[in-house]
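Me: I should like a close look at a single part of this structure, with every term given its cut-offs. Please set out that part and its surroundings in one connected account.

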Amino acid sequence: HVTYVNFQRHVRSVNHFLSQNARLARDARLTTLAAALGGHLSRADFGSQLLGPGATANLYGLVFGDGEQRFTHHTRQEHQAPHTSSDLLFKAALMDRARSIYTGMIRIEKTATKSEAYQASKNVLLSRNARANAIPMLEISTYDVKCGHGAAVGGLDDDQRFYLMSRGLDPHEAERAMVEGFFEDVLVRVPVPALHERLRAMIDQKLAGVRE
């Protein structure tokens, strides 16, 4: 059982390229968090090959961009054995003119009956000039499996913002609370409590306009 975290917060002059692939044998379990907050250009490819019965892969992604930052992420959940499972939740919040592109593939081979896989990409735009694209994909070559995917792009909920401000928060405090809440279900799935607080601090700095 392995928990792996890739936390990228380079200065703006850095371009970041990452390739990570996991091969999971019988009953192996992998939990990965990919957090991208820094750099100018960031491109990452995450793959999981579930090769033995009972293997499980969980991939969670967190992107928070501002300025002219560009993020591209691609994920692969490849089920090659029966009774395997994978779950992916990828969230991005974008300010200013930041851009994020996410593509993900779930592939279920003929030999992977009774497998379960899910993939979700959710994106929130905090300015009119921010852009996000999400392209989830399925390729299923057998029967008796459970698979699903979904993607969403939108702004913060005005009713939630109004509710928080009616309880005494100023506009900045309300936005901060909503962005932290947006990322919370990613953070709580990764069993590294010290990292949660560090990421929250980095999110607060972004919202406050602090750049490196």
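Reply: The account below follows strand β7, the sheet that contains this strand, and the elements around that sheet.

The model is predicted, so local features require pLDDT of at least 70 and side-chain atom pairs pLDDT 80 or more, whereas totals for chains, interfaces and linings use all residues. Residues are numbered from 1 along each chain as its sequence is written, and side-chain values use heavy atoms, with hydrogens and water left out.

Strand β7 comprises residues 85-94. Helices (H or I, at least four residues) and strands (E, at least two) are DSSP runs numbered from the N terminus. Because 9 of the 10 residues of β7 are buried, the strand is largely enclosed by the rest of the structure; buried means under 20% relative accessible area, exposed over 50% and partly exposed in between, for a 1.4 Å probe and protein chains only.

β7 belongs to an open sheet of 6 strands with parallel pairing, in the order β1-β3-β5-β7-β9-β11. Strands pair if DSSP finds at least two bridges between them. On one side, 10 bridges join β7 to β5 in a parallel arrangement, and K91 of β7 is the bridge partner of L62. On the other side, β7 pairs with β9 in the parallel sense, again over 10 bridges, with L88 opposite Q119 of β9. From β9 the sheet continues to β11 through 9 bridges, also parallel, and N123 stands opposite V153 of β11. The edge positions belong to β1 (2-8) and β11 (146-154); each has a single partner strand, so one side of each is left without a neighbour in the sheet. On average, neighbouring strands of this sheet are turned by 5° against each other, direction ignored. Angles run from 0 to 180 degrees between N-to-C directions, and axes are lines fitted to C-alpha atoms, for helices over the stretch in contact.

Two helices pack on this sheet. Helix α2 lies across β3, β5, β7 and β9 and runs at about 160° to β7. Helix α3 touches β1, β3 and β5, and its direction makes about 20° with that of β1. Contact means heavy atoms within 4.5 Å.

The helices also pack on each other. Two packed helices are described by the angle between their axes and the distance between the axes. For α2 (residues 171-187) and α3 (residues 193-207), the angle is about 145° and the axes are 10 Å apart. The crossing is right-handed; this term applies if the near helix is turned clockwise from the far one by less than a right angle, and left-handed if anticlockwise. On the α2 side the contact includes V179, F183 and L187, and on the α3 side L199, I203 and L207 are among the residues met. The residues of this contact divide into 6 nonpolar, 2 polar and 6 charged. Here Ala, Val, Leu, Ile, Met, Phe, Trp, Tyr, Cys and Pro count as nonpolar, Asp, Glu, Lys and Arg as charged, and the others, Gly among them, as polar. E173, also in α2, counts as partly exposed because its relative accessibility is 30%. The C-alpha atoms of E173 and L207 are 9.5 Å apart, although the two residues are 34 residues apart in sequence.

Strands and helices come together in the largest nonpolar core, which holds 25 residues. Such a core is a set of buried Ala, Val, Leu, Ile, Met, Phe, Trp, Tyr and Cys residues joined through side-chain atoms within 4.5 Å. β3, β5, β7, β9, α2 and α3 each supply at least two residues of the largest core, and α2 gives the most, with 6. F64, L126 and F183 touch the most other members. Residues up to four places away in sequence aside, L126 touches F64, A93, L94, M95, L156, V179 and L207. Apart from this core lies another, of 16 residues, with A44, L88, L94 and A132 among them.

A second open sheet, of 5 strands, has the order β2-β4-β6-β8-β10 and parallel pairing. In this sheet, β6 (residues 70-79) and β8 (residues 99-108) pair over 10 bridges, with T75 opposite G104 of β8. H73 is found in β6 and counts as buried because its relative accessibility is 3%. Neighbours within four places in sequence aside, the contacts of H73 include A44, V63, F90 and Y102.
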